[in-house]
Amino acid sequence: MQWGAVLAVAKAEWLSRWRGSLAIGLTFGLIGGCVLAIITVTQRTDSAFPRLVAAVHRPDAVTHVVGAQDALLQQVESLPGVEESWAPHIWVGRLDSGPLTYLSVMAGPGHPADLVRPVLLKGREPREGSPHEVLLSEDYARASGVSAGSTIDMTLLTGQQVARFGVGFGKPAGPRVTLHVVGIGRMPLWGSDAGTAIATPAFADRYVSSSAGHVSFLRLAPGDEPRRDFDRAFTALAAANPAPPELAELGPPQVRYPTATEDPLVTPVRRVLVAGLTMSAGVTAVAALLITTQALNRRHAQSLTAHRVEAALGMTRLERAVARTAAALPGAAVAGSTSTATGLAAGLLEPLGALRAFEPTPGYLPNSGIALIGGTSIALIHLALSGATAAAVLRSAPAGNATPRRGPWLPLVRRSPALLAGLRMAWGPGQGRGTGMATQVLGLAVVVTLSVAVSTFSTSLDRLVSTPSRYGAPADISLMDAKAPDVARLATDARVAAIDVVSIGEVVLGGEMVRAYAYRPVSGAREVTIISGRRPAAADEVALGPRLADRLQARKRDGRLVVTLPGGSTATLRVVGVITNQPTDASERLGASAVFSPSGLDRAAVTPPRQDARITAQPGRLEALRASMERSLEIYGAETPREITTLDGLRPLLGFLTGVMASGVVVTVTHSLWQTRRRSRRATAVARALGFTPVRVGALRVTMAAALVAPALALGVPVGLGLGRLVWWEVATASGVEGDVLLPGAWVAAAAAAVLVASIVLPIAWTRREDRAVAAELRAE
């Protein structure tokens with residue numbers, strides 16, 4: 001290696017072309033930094049929920065012990081597998097002003113530092129000696145407009161009133177309380193097991209007489225075996241301790257495992273977000289490589305005369321390539337530093353979609369490892385591309401014989417010289433530098449596949465979110481504790497289009513406790529999301545939600561399931577349908593319940609069913625109807641299930657992905673056509689010398705473009721549709737809804753037509769410039 005000559009050439013190359021070198025490095029660094037930013041956001045998005053779970057010290061099991069059953073509570077906490085526990089009291093209060101609304105509070109002594117600790121978003125923690133300071137749920141604060149520093153006036157229910165919550169209890173009989181909101185907190189349990197607010201031990205001491213019972217948060221020993229031991233022991237304990245008559249409505253003790261109820265809500269969204277962001281990073285990385293490679297190819301091709309001089313002076317190809325690589329060192333440094341800075345700045349971007357609500361550390365959170373390692377890698381890749389493109393230019397040689405080999409397709413095109421020459425020039429060995437035709441077709445097919453898959457998923461998601469009948473047809477208004485006089489009055493109200501009375505209870509189906517519903521139409525006809533089959537009509541029939549159907553699949557025999565009746569006897573039920581039912585509260589997962597006939601639920605329920613009413617308002621009359629009901633009745637508006645709102649959070653990402661994929665198709669098609677044009681320039685010159693007219697030369701160029709685009713579309717479109725359908729089915733069924741896909745036929749057809757038109761228009765647009773290049777080739781000959 002003649003290092004003196006190598007360094008001299010590198011210095012000369014740098015001094016004569018330093019602006020271009022820095023521009024290429026800066027461009028590569030910026031696009032590479034975008035890739036690092038996407039990777040950083042992907043990592044933060046994917047880890048948001050696990051980090052929140054760890055930050056709040058989520059329990060492994062949760063159970064409620066209602067009423068004054070302290071002995072039962074102690075037995076639960078001493079079951080096999082339990083390592084740590086906290087059992088705060090729970091209170092329910094009704095707000096003194098505004099719409100009829102209830103709020104739950106939990107508080108108790110002995111709160112461990114590593115169990116159920118919400119992440120503080122605003123304000124501060126309540127002082128233990130203050131009986132009225134509370135930490136409020138982020139979701140409740142957002143929905144009600146309450147903030148740190150606000151006060152909430154409410155009247156507590158007594159324990160006996162809470163036990164009769166579903167059947168009516170009159171006016172709250174507990175003490176009046178003014179809560180001072182001193183902080184807003186975030187954790188996955190809010191709104192279900194942990195209620196809405198956490199108060200202090202001083203609150204528990206002052207209002208213990210109005211407690212509705214306890215919620216017990218349990219930390220189990222690691223591993224599957226301790227959980228199985230605990231589950232068996234808890235099941236036996238629950239069977240030996242049926243609910244007292246005064247608490248019969250609340251049913252026997254039940255245990256909930258957050259990993260089984262919360263994780264399935266988030267997992268499908270995590271998968272989709274990570275897959276989408278990964279695709280974005282991949283497409284952006286490919287674009288960066290294509291753009292940089294093309295720029296470096298042009299740069300090195302412009303110094304062919306210098307190469308000949310250096311070769312005449314005795315420098316080898318390797319020495320000349322190393323000299324060009326050394327000249328690219330400053331550009332590589334710019335690329336590396338720019339991408340590192342961009343990667344660090346990506347720490348300002350919080351998790352995307354619905355997972356943003358699970359971020360435990362909002363604000364700037366850089367990932368230094370990704371930024372530094374990624375920046376170094378981008379600098380090295382820039383150097384490698386510089387060396388590889390310089391070597392490719394030095395190795396380039398004129399193409400061989402352009403005469404096509406005889407093949408089975410030859411008789412089809414022998415009457416069209418332009419078609420024959422165009423196919424040969426497209427798929428033949430060519431002449432210039434650049435990637436081969438097969439590689440270009442495969443690359444374009446991959447980008448088309450991803451674009452079609454994203455579009456298929458996006459259109460299916462848009463249909464789901466905008467069509468409530470696909471996820472349980474939520475009622476306009478849900479009336480809790482529906483009394484017969486209220487229902488009768490509403491049935492005759494001109495503002496009401498339809499009303500159902502819904503019985504809600506718990507049944508033991510297939511050996512597990514399941515929430516069950518029964519519908520009794522009162523007036524009009526409300527929609528029910530029937531995925532397959534029909535509604536149950538007889539006492540021995542049942543319909544299952546999609547999730548429940550999958551979970552109980554192994555326990556079905558000839559389409560039948562065993563239900564355990566309240567007295568301990570069993571009965572066999574025929575499964576007649578799969579129905580997605582509107583969940584009652586945030587703790588219930590979409591598609592995880594069962595639907596019975598009214599007589600069937602009365603027979604099978606292990607808790608006395610409570611009666612709700614679900615109301616559909618006449619068009620344009622909803623607000624007036626709600627205003628007349630909310631002062632005297634406990635009502636809730638149409639609540640979109642959490643699974644749907646979580647999936648809805650994907651739409652901004654899908655819009656971004658659609659833009660990225662469309663840009664990827666444009667860049668890939670343009671680059672591939674450019675490469676094909678350069679590869680075939682010498683053969684085009686030969687065709688002109690042989691007498692091809694300008695029209696035939698134009699037809700030749702269009703044929704080359706079509707030979708590139710048509711196979712990519714033929715491969716990418718069907719594979720993309722299949723991939724999008726598969727991903728959507730996985731996400732939809734995991735979210736408790738039907739997995740059928742809406743194929744974006746019109747969009748795909750329009751996009752494919754646009755790509756084909758572009759493949760025809762671009763070669764024509766380049767005709768004048770290409771003719772000059774062909775003339776140069778002819779003069780060189």
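Arg535 lies over the face of Tyr519, 5.5 Å from the ring centre. The model shown here is a predicted one. A second arginine is placed in a similar way: Arg227 sits over the face of Tyr257, with 3.9 Å to the ring centre.

Next come contacts between the rings themselves. A pair of aromatic rings is described by two things, the distance of the centres and the angle of the planes. Searching the whole structure gives seven aromatic pairs. One of them is formed by Trp86 and Phe217, whose ring centres are 6.0 Å apart and whose planes meet at 20°, so this pair is stacked. The angle decides the label, because planes under 30 degrees apart count as stacked.

Where do Trp86 and Phe217 lie in the chain? Trp86 belongs to strand β2, which covers residues 82-86, and Phe217 belongs to strand β10, which covers residues 213-220. The two parts are 131 residues apart in sequence, so the pair ties together stretches that are separated along the chain.

Are these two residues buried or exposed? Trp86 has a relative accessible area of 3% and is buried. Phe217 is buried as well, with a relative accessibility of 0%. Both values can be judged against one cut-off, because buried means under 20% relative accessible area.

Trp86 has another partner to look at in the backbone. Its C-alpha atom and that of Leu115 are separated by 7.5 Å, although the two residues are 29 residues apart along the chain. Elsewhere, Trp91, Phe203 and Tyr207 make up one aromatic cluster.

The helices offer a buried residue and a patch on the surface. Ser386 is found in helix α12, residues 368-395. With 1% relative accessibility, Ser386 counts as buried. A polar atom of the Ser386 side chain lies 3.0 Å from the backbone oxygen of His382.

On the surface, Leu442, Val446, Leu715 and Val719 make a nonpolar patch of about 350 Å². Which elements give two or more residues to this nonpolar patch? They are α15, residues 437-465, and α23, residues 694-734. Val719 is located in helix α23. Its relative accessibility is 43%, so Val719 counts as partly exposed. The reason is that partly exposed covers the range between the buried limit of 20% and the exposed limit of 50%.

How values were computed:
Residues are numbered from 1 along each chain as its sequence is written. This is a predicted model: local features need pLDDT of at least 70, side-chain atom pairs count only at pLDDT 80 or more; totals for chains, interfaces and linings use all residues. Side-chain values use heavy atoms; hydrogens and water are left out. Rings of Phe, Tyr and Trp (its six-membered ring) pair if their centres lie within 6.5 Å; planes under 30 degrees apart count as stacked, over 60 as edge-to-face and the rest as tilted. Helices (H or I, at least four residues) and strands (E, at least two) are DSSP runs, numbered from the N terminus. Buried means under 20% relative accessible area, exposed over 50%, partly exposed in between (1.4 Å probe, protein chains only). A charge sits over a ring if NZ of Lys or CZ of Arg is within 6 Å of the ring centre and within 35 degrees of the ring normal. Patches are made of residues with over 30% relative accessible area and no salt bridge: like charges are joined within 9 Å, nonpolar side chains (Val, Leu, Ile, Met, Phe, Trp, Tyr) within 5 Å. Accessible areas come from the Shrake-Rupley method with a 1.4 Å probe; for residues, only the protein chains shown count as cover. A salt bridge is a side-chain nitrogen of Lys or Arg within 4 Å of a carboxyl oxygen of Asp or Glu. A polar contact is a pair of N or O atoms within 3.5 Å; within protein, one must be able to donate a hydrogen and the other to accept it, and residues adjacent in sequence count only if both atoms are side-chain atoms.
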